[in-house]
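Please work through the exercises below with the sequence and the model open side by side. Each task is followed by a solution that goes step by step.

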Amino acid sequence: MTTYKEYHARSLRDPTGFWADQARLIDWHQPFSQVLDYSTPPFAKWFVGGTTNLAHNAIDRHLATRGDQPALIYVSTETGEEKTYTFRQLYREVNRVAGMLKGLGVTRGNRVLIYMPMIAEATFAMLACARIGAIHSVVFGGFAAVSLATRIDDAQPTVIVSADAGSRAGKPVPYKLLLDEAIELAKFPPSKVLLVDRKLAEMKRVPGRDVDYATLRAQHMNDEVPCEWLESSEPSYILYTSGTTGTPKGVQRDTGGYAVALAASMRDIFCCEAGDTFFSTSDIGWVVGHSYIVYAPLIVGATTVMYEGVPVRPDGGIWWSIVEKYKVNVMFSSPTAIRVLKKHDPALLRKYDLASLRLLFLAGEPLDEPTARWISDGIGKPVIDNYWQTETGWPILGISRGIQALPSKFGSPGVPAAGYSVKIFDEATGAELTQPHRKGVVAIEGPLPPGCMTTVWGDDDRYVRTYWTSVPSKHVYSTFDWGIRDEDGYFFILGRTDDVINVAGHRLGTREIEESLSSHPNVAEVAVVGVADALKGQVAMAFAILKDATKADTLEKKLAHEGEMMKVVDSQLGAVARPARVHFVSVLPKTRSGKLLRRSIQALAEGREPGDLTTIEDPSALQQIKDAIHA
């Protein structure tokens with residue numbers, strides 16, 4: 001193929017031929033007999049009859065040619081520890097943990113819940129589960145007990161792997177304490193708990209249930225555990241979506257399709273190959289950590305960097321020092337993280353030698369143009385947006401530079417990745433919007449490509465009801481995001497369908513208003529929510545963090561600054577989009593993964609309770625919102 005347009009068109013026109021070609025990127029123990037079974041839409045089965053194993057593809061197949069190459073580089077600025085594991089050393093550790101889990105009664109198809117900080121043992125546990133055919137469910141460390149208990153009851157794990165504590169900004173974050181409480185609340189407690197003792201917090205052990213990781217590891221030092229060869233559609237893991245209401249939705253991932261999709265995405269989108277070093281700044285509790293810390297880099301034979309710490313400790317240059325020290329070639333972070341760095345000395349971006357770094361990818365939320373330009377200019381490297389979800393496991397939209405060096409457009413995550421038939425639909429009528437710049441729901445025509453969720457764990461009906469019925473008269477997967485597509489086929493994401501503000505009949509995405517306010521030179525970060533209004537139905541309300549807070553440190557200055565920012569929106573989007581108020585705060589309420597708690601902000605602005613706050617990073621941020629509203 002000579003152009004990306006042709007490459008993508010073939011993936012939709014001839015999906016069986018296209019994906020059969022991509023399937024050569026991984027090892028198969030037994031060849032598949034059918035590329036795609038879509039006989040019961042929307043359930044798609046890829047590479048039917050083929051057997052493979054994620055741990056084999058991530059470790060074993062590389063031993064002969066790159067056994068002494070670094071596979072996992074673990075860096076913790078919390079404990080001062082740095083350790084490199086070669087593929088051969090990683091193989092040994094994973095076999096030990098696999099032996100430990102089998103000894104604790106874990107068999108093929110059993111669930112293992114992993115509730116751990118960002119330590120190397122968490123990676124070993126994930127890969128050990130994959131090795132023996134167990135289904136891992138990683139729960140983000142620090143989840144409150146009630147939320148953790150609901151996930152325990154849904155997954156019903158045989159074993160939980162955890163630790164005494166994590167650490168954030170030098171302060172211990174208890175894990176075992178919360179885990180014990182969650183197990184007390186759970187209806188289906190595990191038979192065993194395997195514990196890593198980091199000596200960060202006191203840890204009470206339950207006799208007969210709790211097992212010490214180091215002690216058990218010593219008993220399995222020489223274990224050689226063969227891979228379980230799983231049929232391609234057998235589940236590899238469950239990952240619960242954040243921010244769900246009621247019972248959490250367990251996104252279920254397959255095995256063969258996931259391995260193929262990740263391998264193809266590393267080549268086509270992330271331009272990373274065997275021998276490269278890949279640094280994702282995410283957490284293994286989230287989908288980016290699953291796909292692009294643990295599995296994808298190792299599957300292609302690259303070195304992966306696992307980081308425990310915050311982006312500004314000891315200072316805002318820590319990530320760039322890691323790039324220099326370990327010769328990182330490709331980096332993957334989030335717009336939130338970059339906006340945090342924007343508040344620190346920009347000289348730190350130029351302090352380190354970044355010659356090895358080729359590309360910086362950002363995803364997780366819309367990337368505003370001021371942030372993109374700031375980091376691109378600061379490090380002198382291309383910055384590439386991409387867009388996807390926990391449910392898809394790998395990018396829906398991006399720039400496949402590995403196929404053709406398409407230009408990026410600020411504000412757009414790019415064009416559909418191979419295999420995705422992405423379209424815009426009218427929310428009310430279900431009609432496809434084919435003309436450029438028509439706002440609608442971003443949706444994907446079935447079948448979903450390999451690597452995407454196959455169902456909701458234990459609830460096929462919920463999978464269909466949640467994702468495949470929200471666009472009227474169309475059997476398509478809804479992303480629940482608003483978007484537009486320009487005349488060149490680039491998509492622009494405008495925010496969640498439930499984050500749309502309806503101001504006097506005008507539907508406005510919070511994303512549009514946030515980007516406009518972000519263009520003000522003194523705005524570091526901003527959140528916009530829709531607030532109920534007796535006259536207009538809803539009005540926009542903004543909460544902004546300023547680069548220079550002294551410009552709004554008196555009532556007179558605040559009002560003047562607020563007026564300035566409203567004029568920016570007036571000039572860019574029109575008076576209809578002008579926020580009713582712009583409040584100034586020093587921190588915004590976010591989850592520990594960096595997601596804005598928009599619904600909590602909205603609730604406070606409307607005088608309601610903020611809702612589930614189990615994942616909040618800094619509870620004092622909510623008080624700032626309250627104080628700002630009532631000032």
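The exercises treat a predicted model, and they go from the whole fold to one sheet, one pocket and one cavity.

**Exercise 1. The whole chain**

Work out how many helices and strands the protein has, and how its radius of gyration stands against the globule rule.

Step 1. Counting the secondary structure gives 19 helices and 32 strands.

Step 2. The radius of gyration is 24 Å, and the globule rule gives 25 Å for 631 residues, so the protein is as compact as a globular protein of that length.

Step 3. For the extent in space, the C-alpha trace spans about 70 × 60 × 50 Å along the principal axes.

**Exercise 2. An open sheet and a helix across it**

Trace the order of the strands in the seven-stranded open sheet, and find which strands form its edges.

Step 1. Reading across the sheet, the order is S5-S4-S17-S16-S18-S19-S20, with mixed pairing.

Step 2. Strand S5 (81-86) and strand S20 (383-385) are the edge strands, since each of them pairs on one side only. On average, neighbouring strands in this sheet are turned by 20 degrees against each other, if direction is ignored.

Step 3. At the S5 edge, strand S4 (residues 70-76) pairs with S5 in the antiparallel sense over six bridges, and Val75 stands opposite Glu82 in S5.

Step 4. Helix H5 (residues 87-103) lies across both S4 and S5, and its direction makes an angle of about 95 degrees with S5.

**Exercise 3. The second largest pocket**

Describe the volume of the second largest pocket and the residues that line this pocket.

Step 1. The volume of the second largest pocket is about 480 Å³.

Step 2. Its lining has 19 residues, and those nearest the centre are Lys5, Val415, Pro416, Asp488 and Gly489.

Step 3. At least two lining residues come from each of helix H1 (4-13), strand S22 (415-416) and strand S23 (422-425), with H1 giving the most, four residues.

Step 4. Sorted by character, the lining holds nine nonpolar, three polar and seven charged residues.

**Exercise 4. The largest cavity**

Determine which elements give two or more residues to the lining of the largest cavity, and how that lining divides by residue character.

Step 1. There are five cavities of 30 Å³ or more, and the largest cavity holds about 140 Å³ of space.

Step 2. Its lining includes Arg339, Glu365, Asp368, Arg511 and Arg598.

Step 3. Helix H16 (510-518) and strand S30 (523-533) are the elements that give two or more residues, and H16 provides the largest share, four residues.

Step 4. The lining divides into three nonpolar, one polar and eight charged residues.

Definitions and conventions
Residues numbered from 1 in each chain as written. Predicted model: local features only at pLDDT ≥ 70, side-chain atom pairs only at ≥ 80, totals over all residues. Heavy atoms only, no water. 1 Å grid on protein atoms, 1.4 Å probe; cavity = no way out; pocket = protein on both sides within 12 Å on 5 of 7 lines; lining within 4 Å. Points joined across faces, edges and corners; volume = space filled by probe spheres on them. Nonpolar A, V, L, I, M, F, W, Y, C, P; charged D, E, K, R; others polar. Pairing = 2+ DSSP bridges. Axes fitted to C-alpha atoms, helices over the stretch in contact; angles between N-to-C directions. Contact = heavy atoms within 4.5 Å. Rg over C-alpha atoms; globule rule 2.2 N^0.38 Å.
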